[in-house]
Amino acid sequence: MKRTKMDTRYMATLAMFCGVLLVLGISGIGFIPLPVIKATTMHIPVILGAILLGPSAGGVLGCLFGLCSVWANTTAPGLLSFAFSPFMTTEGLPGIAKSLWIAVGCRICLGIAAGWLWKLFRKVLKQDYLALPVTAALSSVLHTLLVMGSIYVLLAQQYAEAKNVAITAVFGLVMGTVTASGIPEAIIAAVVVTVVGKALLHLMARMKKH
């Protein structure tokens with residue numbers, strides 16, 4: 001009976017986070033248009049879900065994040081939408097595979113990594129108030145590096161053409177985007193995950209006692 005209650009709570013909590021991601025993704029609130037790329041707040045529910053429910057749930061939420069990214073970049077395309085939407089690529093099947101990896105694969109990795117980083121830092125640091133912001137910030141930075149690194153490795157030529165610059169300038173532009181969007185995203189994630197995560201962890205601990 002206790003196991004059934006735990007499974008029900010797990011599924012209900014996972015469904016709640018999925019709902020939050022869908023609202024953010026479909027409404028467009030989760031994607032903030034910048035001159036080159038869409039910054040995001042959708043990594044925050046993914047990280048929170050991974051912390052509360054584990055790496056597997058983080059992977060599921062990351063996948064949903066990625067699918068929302070495909071939707072956003074297909075319905076409201078920007079300069080780099082070809083990197084996130086298989087429907088916007090001009091490279092055929094190879095381009096579709098690259099876009100799906102960047103949009104979905106990298107986000108699945110974010111969720112899984114966040115779950116394992118939480119387990120690690122909670123054990124090492126032994127304080128939730130320390131483990132939460134560290135996990136959130138590192139997960140966010142890892143996400144930015146995975147996405148932008150994949151764009152640089154897989155789509156450098158297309159990136160250069162989209163920006164109308166020499167391919168030798170792509171690395172500097174990618175690093176500029178990492179700094180401009182990645183650092184603010186990491187700071188916001190650290191703050192929100194610490195505040196909300198602590199409250200949710202306390203609530204789930206109380207629920208397990210009943």
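**View 1. Leu67, a partly exposed residue of a predicted model.** At a relative accessibility of 47%, Leu67 counts as partly exposed, because that class lies between buried, under 20%, and exposed, over 50%. The model shown here and in the other views is predicted. Leu67 belongs to helix H3, which covers residues 55–75. Gln127 is 60 residues away from Leu67 along the chain, and the C-alpha atoms of the two are separated by 34 Å.

**View 2. Helix H4 and its kink at Trp101.** Helix H4 runs over residues 93–125 and has 33 residues. From the first C-alpha of H4 to the last, the reach is 45 Å, close to the 48 Å expected at 1.5 Å a residue. The helix nevertheless contains a kink of about 40°, and this kink is centred on Trp101.

**View 3. Lys126, just after H4.** The residue shown is Lys126, which takes a positive phi of about 65°. Its position is just after H4.

**View 4. A nonpolar patch on the surface.** Six side chains are labelled: Trp101, Tyr152, Val153, Leu154, Phe171 and Met175 form the patch, and together they have about 550 Å² of accessible area. Helix H5 (128–163) and helix H6 (170–208) are the elements that give two or more residues to it. The most comes from H5, with 3 residues. Trp101, where the kink in H4 is centred, is also one of the patch residues.

**View 5. Leu154 within the patch.** Leu154 lies in helix H5 and is one of the residues that form the nonpolar patch. Its relative accessibility is 30%, so Leu154 counts as partly exposed.

Note on methods: Residues are numbered from 1 along each chain as its sequence is written. This is a predicted model: local features need pLDDT of at least 70, side-chain atom pairs count only at pLDDT 80 or more; totals for chains, interfaces and linings use all residues. Side-chain values use heavy atoms; hydrogens and water are left out. Helices (H or I, at least four residues) and strands (E, at least two) are DSSP runs, numbered from the N terminus. The expected span of a helix is 1.5 Å times one less than its number of residues. The bend at a residue is the angle between axes fitted to the seven residues ending there and the seven starting there. Buried means under 20% relative accessible area, exposed over 50%, partly exposed in between (1.4 Å probe, protein chains only). Patches are made of residues with over 30% relative accessible area and no salt bridge: like charges are joined within 9 Å, nonpolar side chains (Val, Leu, Ile, Met, Phe, Trp, Tyr) within 5 Å. Accessible areas come from the Shrake-Rupley method with a 1.4 Å probe; for residues, only the protein chains shown count as cover. A salt bridge is a side-chain nitrogen of Lys or Arg within 4 Å of a carboxyl oxygen of Asp or Glu.
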